[in-house]
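Reader: Could you take me closely through one part of this model, a sheet and the helices that pack on it, and then place that part in its wider setting?

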Amino acid sequence: MKRRDFIKSSAAATTGIIFIDSLLGCVNTTLQEGQLDEYFEGFQDPPVSSRLFVRWWWNGNRLTEKEILRELDVMKEAGIGGVEINPIAFPDWADPVGYKSLTLFEDEWLDMLEVALRGAKQRGMICDMIVGSGWPFGGEFLKKEEQSQMVTIETLDVEGGTTFRINIDEVLEKVDPEIHSKHDKVFRNLLMVRLLPRESAEFVEGEDLMDLIQENKLSVEVPPGKWVLYFVVKLTGYMAVIHGAPGAAGPVLNHYSKPAVENYLDRISGFLNGKMGNMGEYIRAMFCDSMELEGANWNDDLPSEFEARRGYSVLPYLPFILKKVGSMGDPVKGEYGTRFPEEVTEFLKRVELDYYHTRIELFKERFIDTFNTWCHKNNVLTRMQAYGRGMHPLEASMEIDLPDSETWLSPDVGREYPNVGQRGRAHKMCNKFVASAAALNGKKVVSCEEITNTQMAFMATLENIKVAGDQSNISGVTHSILHGFNYSPPEAPFPGWIRYGTYFNERNTWWPYFRRWSDYKARISFLLQNATPRANVAILQPLTDLWLKHGPQRDPWPGVNYPEYQHNLWEAIHQNGGGCDYVSEKIIREATFGQGSMIYNERKYKTLIAPEVETLDPETIPALEAFTKTGGRIVFIRTKPFKSASAQKPDVSDASVRSKVEELMISGGAQISEYAAPGDDLIRWYGKLQDEVGLQPFIEFDKPHKHLLQSPYLLNDHPMFFMANSSLSEDISFKARFYVDKKLSPWIWNPETGERLRYPTTDGNNTIELTLPRATSLLIVFETGSEGEIYQPLALQPGGEVVQGAWSLQLEHMNGERQQMQLDKLADLSTLEQTRHFAGKVIYEKTITIARGNVEQIDLGNVQGVSELTLNGQALGTRWYGAHVYNTQSAVKEGENHLSISLTTTTGNYLKSLKDNPNSEQWTGKQKLYPQGILGPVRVI
């Protein structure tokens with residue numbers, strides 16, 4: 001296939017079955033069978049399917065044909081390849097400037113949707129579309145039985161020896177969970193009333209009091225002592241769609257009801273197909289955003305489904321496994337209800353886990369499977385953030401065509417990177433689960449809601465964004481959907497209609513340079529979408545133990561991790577030159593074993609690491625034994641499993657696990673290791689484990705570093721490595737030995753320029769020495785050729801002469817103002833009264849005297865913004881990230897040299913100064929001023 005034909009098929013495959021067949025695997029078979037030269041052609045000029053997409057917020061559906069087409073042109077010019085059409089509520093603080101709001105799926109709105117879909121197709125762009133509006137989806141039109149349901153409890157402590165009376169309506173009114181997004185019309189039904197002692201030495205179901213309710217009042221003779229009344233209450237329609245636009249606001253859908261899901265989806269396809277003829281002709285994928293269901297846990301047949309699946313009734317235990325619910329579905333903290341001894345509490349946790357597994361199964365069968373069937377029937381792909389309470393964080397994403405993840409930008413990214421936790425990480429904990437799911441099912445596209453930004457939306461530099469995006473790719477992401485591009489007409493007051501996100505907008509000061517990053521990301525995505533991630537380790541995440549100890553978490557924002565390093569172990573493996581996937585017990589049981597490997601589809605693992613796994617299904621143990629018998633290796637961290645999660649005959653089941661694990665330890669012999677838990681240095685700890693257990697990495701670093709990240713791949717059987725320095729301030733020097741065929745040589749594929757250059761090695765073992773400047777990344781592909789232009793890395797040289805003295809500044813403010821000023825010395829512009837709220841372009845000018853003619857570089861030092869250097873009238877380039885070091889080439893001369901530096905700032909400090917602008921308080925009110933300008937020192941080297 002010729003290069004131009006490949007691009008044409010990638011861009012035009014936005015129709016029907018062609019789309020599903022060609023993009024579901026998301027790798028071009030002709031390229032896969034060809035040589036690297038064909039991949040390089042795609043790398044130089046990536047197809048539209050590899051380019052950045054954006055979440056296109058249709059703010060309040062205040063739409064016009066002219067503006068829709070104008071914005072598509074703006075995005076295409078910026079190198080954006082596709083949009084996710086995302087109708088959303090109009091920002092309360094924005095000025096609609098006379099545009100009326102259209103209602104979702106009504107005729108006028110459908111006309112605008114047609115304009116967008118046809119306009120995108122004419123421009124060679126791809127469209128995805130959110131299901132409904134906001135999240136989780138729902139609508140004003142839903143019937144009561146189609147609305148989300150939660151069963152929760154209320155408890156009342158009562159003193160014995162009296163007659164207790166209460167009006168049931170009073171109880172029901174008290175059951176009003178403090179969730180984030182309340183719906184104003186809630187249906188409340190009392191399902192159960194139980195009376196129990198406040199303390200009990202054994203499990204007691206309690207006395208059922210429902211028959212005592214007469215004329216909506218409960219009257220009960222309470223025996224002497226201290227007692228607790230449990231009220232089990234079902235709430236229907238309790239949650240409103242978060243930021244739903246007109247026509248899809250109102251109550252959230254019941255995702256546990258298959259008929260409700262089918263009705264909802266068929267309603268949408270009816271509108272879309274009725275307007276467009278075949279939605280698959282214009283839409284690549286339908287998208288489900290965050291499943292923040294805020295406590296949804298019920299359908300009326302759940303008790304019968306529980307009994308059929310688990311083999312016992314949940315009803316005796318229901319009041320004790322439910323929780324009082326707070327914001328985002330988090331359990332309310334505090335002690336309430338009957339106090340049972342520890343053994344009873346532990347047993348109830350197992351029942352609660354069975355209840356959770358039942359919910360996971362029902363959600364998959366009734367929502368995910370139904371969503372998949374509907375999309376494929378309508379010739380579109382599924383795209384979904386398949387994690388959060390009610391979903392298995394790994395297995396749910398395996399069901400999705402284009403599994404989606406999340407990468408957030410915050411001020412700590414690039415500045416911090418503690419041993420454990422999520423600070424300093426732009427990638428969220430869900431990303432590795434999603435990427436692993438894709439790898440296990442052979443899917444090449446790992447989609448990502450990327451650069452989500454609520455803390456520094458107008459303060460982010462392109463360098464901040466690049467570092468976050470690099471971390472996203474390291475976590476396994478292969479395609480980025482930016483969060484986002486706000487539909488906003490030019491006449492909307494600055495900064496426009498801003499619902500969310502980093503300020504991706506043509507009115508942003510650094511927008512003229514955005515194409516540099518979008519081209520960079522497209523080249524990376526193209527290669528990653530055509531490569532296979534490598535993994536020498538499988539990690540069995542201790543999810544069962546996490547859920548038993550702490551309950552299900554609100555992924556991707558878990559309140560608790562178990563163990564503490566749960567979501568950092570994969571990082572340490574990659575930082576020590578390895579690669580890994582997450583697996584589950586189900587994956588292990590379904591795997592085959594041979595030649596020392598655990599094999600699942602095309603994935604093979606030589607080593608399984610089980611970090612602090614205490615609980616194991618007895619049926620998993622024979623699979624582990626089969627693994628070790630073929631030469632596979634298992635490493636148990638801190639403990640080996642010693643119990644089951646069974647609520648039925650738990651003592652017998654626990655004893656079975658202990659016995660079978662002991663037999664496994666004996667039969668496995670040297671193939672099984674027990675290793676101490678990590679201390680304060682997770683990276684060093686894993687490096688030691690790697691050496692002692694005999695795990696050969698793909699790269700061996702002489703000095704692993706917390707900010708030196710890498711992911712290994714195979715590109716048409718050629719080893720490929722994406723490496724990134726995620727620090728905004730530290731340059732990292734290292735020596736790396738690559739364990740690849742010695743007949744292959746390393747080549748640098750530069751994603752910024754599209755160049756392909758040979759990198760000379762220091763020995764015959766494919767070892768390279770390199771300094772990777774701050775915020776800089778590298779793509780290394782090992783090829784058979786050894787002849788070609790040699791890569792010249794940026795040489796970061798110490799010393800030199802610091803440029804002293806005053807600078808002349810010309811300030812071109814984005815609001816149109818112009819001024820000049822003198823600086824006695826370089827300083828952060830945000831600290832100076834005259835420039836603290838500046839946004840725009842600053843021209844720094846100075847004449848310097850150079851006494852020698854062999855000056856090679858000018859290093860601008862600490863630069864906050866995008867710099868462009870001109871020396872003696874000769875433009876020397878642009879730096880938008882990393883070290884702002886310029887090779888002086890032939891521009892320098894002995895004697896006087898005129899230095900001119902153009903510096904483009906961010907917009908945030910200016911927006912913060914606009915006290916009468918409602919966006920100012922909303923987005924910058926709680927933020928500090930961010931550094932701006934050239935802080936130096938500027939050195940001549």
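Author: The sheet is open and built from six strands, which follow one another in the order S16-S26-S27-S32-S29-S30 with antiparallel pairing; strands here are DSSP runs (E, at least two residues), helices are DSSP runs (H or I, at least four residues), both numbered from the N terminus, and two strands pair if DSSP finds at least two bridges between them. Its edges are strand S16 (532-533) and strand S30 (756-758), each of which pairs on one side only. The model is a predicted one, in which local features need pLDDT of at least 70 and side-chain atom pairs count only at pLDDT 80 or more, whereas totals for chains, interfaces and linings use all residues. Residues are numbered from 1 along each chain as its sequence is written, and side-chain values use heavy atoms, with hydrogens and water left out.

Within the sheet, strand S26 (residues 708-715) and strand S27 (residues 718-725) run antiparallel and are joined by eight bridges. Leucine 715 stands opposite histidine 718 in S27.

Helix H13 (residues 462-474) packs on this sheet, where it touches S26, S27 and strand S32 (777-783), and its direction makes about 50° with that of S26. Contact means heavy atoms within 4.5 Å, and angles run from 0 to 180 degrees between N-to-C directions, with axes taken as lines fitted to C-alpha atoms, for helices over the stretch in contact. Helix H14 (residues 514-529) lies across S26, S27, strand S29 (745-749) and S32, and runs at about 145° to S27.

For the wider setting, the largest nonpolar core holds 244 residues, of which Trp56, Met286, Met384, Trp517 and Trp749 touch the most other members. The largest share of this core, 14 residues, is supplied by helix H11 (residues 342-377). Such a core is a set of buried Ala, Val, Leu, Ile, Met, Phe, Trp, Tyr and Cys residues joined through side-chain atoms within 4.5 Å, buried meaning under 20% relative accessible area (1.4 Å probe, protein chains only). A second core of 29 residues is separate, and Val803, Leu826, Tyr844 and Leu903 are among its members.

Elsewhere, a further open sheet has three strands in the order S19-S20-S21, also with antiparallel pairing, and its edge strands are strand S19 (592-594) and strand S21 (603-605), each pairing on one side only. Strand S20 (residues 597-600) pairs with S21 over three bridges, and tyrosine 600 stands opposite arginine 603 in S21. Helix H18 (residues 621-629) packs on that sheet, touching S19, S20 and S21, with its direction at about 20° to that of S19.

Conventions: Buried means under 20% relative accessible area, exposed over 50%, partly exposed in between (1.4 Å probe, protein chains only).
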